[in-house]
Amino acid sequence: LATEGLKPVVAIYSTFLQRAYDQLIHDVALQNLDVVFALDRAGLVGADGATHAGNYDMSYLRCIPNMVIMAASDENECRQMLTTGFHYEGPAAVRYPRGAGIGAPMEKELTSIEIGKGQIKRSGKSVAILAFGSMVTPSLAAGEALDATVANMRFVKPLDVELVRKLAQEHDVLVTVEEGSIMGGAGSAVAEALAAEGIVKPLLMLGLPDVFIDHGDPAALLAGVGLDAKGIAASIRARFGGELRLVVNNA
């Protein structure tokens, strides 16, 4: 379809796209074809269990040339990212989790987002949390508790290197948070960017551990791996609290 000038939109579970990896590389990315991948079930999926968990898409897509990878933080941003992918000329993927949205206000207009640009959601001190996709909301709550800066990175690829550089210059430590495999994921992209820029900065990468996570209540599963607001704040305190004298609210 794409070779004949049409615009395919492939709505597929993240875990099912793993089965089409060779086609994704050779039939789409290698030819730089104009295809949008709408990746449902990105991250933990609760009752669907480990077979359906979309834990690896950021890792397995990030290494493919020509790919653009977006991670939606809420239902409104998901619509805008799908619009962005539709108007972008080339292969693009939008990842979003299973379940209901967070209740974000919906913009009437479907507008595109500037490719490769994140946004600051909260300004704080000492700690900068670089959150991807569904982890923006709990990261904002953790940021309130720690008086940390929180960025909605939006793009896993191309990464907003300018924003990473700015956050590194203005903060003592960086923390990446993603609902995906830590190994090779968005946090790894930030680490690679820092290395390429010659920036030496303490970096804590939070995400899904190197294990298969069984079925269960989604909120409980995220809390179990430290990816709820309390877990994110606790991990930051455990790693940096003594050094930075973090301001911690009891709220």
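Trainee: In what order do the five strands of the first open sheet stand?

Mentor: The order is 1-2-4-3-8, with mixed pairing. The strands are DSSP runs (E, at least two residues), numbered from the N terminus, and helices are runs of H or I with at least four residues. The model is predicted: local features need pLDDT of at least 70, side-chain atom pairs count only at pLDDT 80 or more, and totals for chains, interfaces and linings use all residues. Residues are numbered from 1 along each chain as its sequence is written, and side-chain values use heavy atoms, with hydrogens and water left out.

Trainee: What makes strand 1 (9–13) and strand 8 (155–157) edge strands?

Mentor: Each of them pairs on one side only. From one strand to the next, the twist averages 20 degrees.

Trainee: How do you know that strand 3 and strand 8 pair?

Mentor: Count the bridges. Pairing requires that DSSP find at least two between the strands. Strand 3 (residues 68–71) and strand 8 have two, so they count as paired. The sense is antiparallel. Ile69 stands opposite Lys157 in strand 8.

Trainee: What follows Lys157 across a cis peptide bond?

Mentor: Pro158 follows, with omega near -5 degrees. Pro158 sits in the loop between strand 8 and helix 6 (161–170).

Trainee: Which strands does helix 4 lie across?

Mentor: Helix 4 lies across strand 1, strand 2 (36–40), strand 3 and strand 4 (92–95). Helix 4 runs at about 170 degrees to strand 3. Such angles run from 0 to 180 degrees between N-to-C directions, and the axes are lines fitted to C-alpha atoms, for helices over the stretch in contact. Contact means heavy atoms within 4.5 Å.

Trainee: Why is one side of strand 5 and of strand 10 (203–208) left without a neighbour?

Mentor: Strand 5 and strand 10 stand at the edges of an open sheet with the order 5-7-6-9-10. Each has a single partner strand, so one side has no neighbour in the sheet. The twist here averages 25 degrees from one strand to the next.

Trainee: How many bridges join strand 5 to strand 7 (residues 149–152)?

Mentor: Three, and the two strands run antiparallel. Ile120 stands opposite Ala151 in strand 7. On this sheet packs helix 7 (residues 186–197), touching strand 6 (127–131), strand 9 (173–181) and strand 10.

Trainee: Where do the bounds of domain 1 and domain 2 fall?

Mentor: Domain 1 covers 2–95 and domain 2 covers 119–241. The bounds come from an automatic or database domain assignment. The C-alpha centres of domain 1 and domain 2 lie 22 Å apart. The contact takes 26 residues from domain 1 and 33 from domain 2.

Trainee: Why is the second largest pocket said to lie between the domains?

Mentor: Domain 1 and domain 2 both give residues to its lining, so the pocket lies between them. A pocket is an open set of points on a 1 Å grid over the protein atoms alone, with protein on both sides within 12 Å along at least five of seven lines; lining residues have an atom within 4 Å of a point. The second largest pocket holds about 240 Å³ of space. Of its 18 lining residues, Asp74, Glu77, Gln119, Lys121 and Arg154 are the closest to the centre.

Trainee: What is the volume of the largest pocket?

Mentor: About 590 Å³. Volume here is the space filled by probe spheres set on the points, which are joined across faces, edges and corners. Helix 8 gives the most to the lining, with three residues. By class, the lining has 14 nonpolar, five polar and five charged residues. Ala, Val, Leu, Ile, Met, Phe, Trp, Tyr, Cys and Pro count as nonpolar, Asp, Glu, Lys and Arg as charged, and the others, Gly among them, as polar.

Trainee: How many cavities of 30 Å³ or more does the structure hold?

Mentor: One. A cavity differs from a pocket in that a 1.4 Å probe fits at its points but cannot get out. The largest cavity has a volume of about 40 Å³. Its lining includes Ala42, Arg95, Pro97 and Ser134. The lining divides into five nonpolar residues, two polar and one charged.
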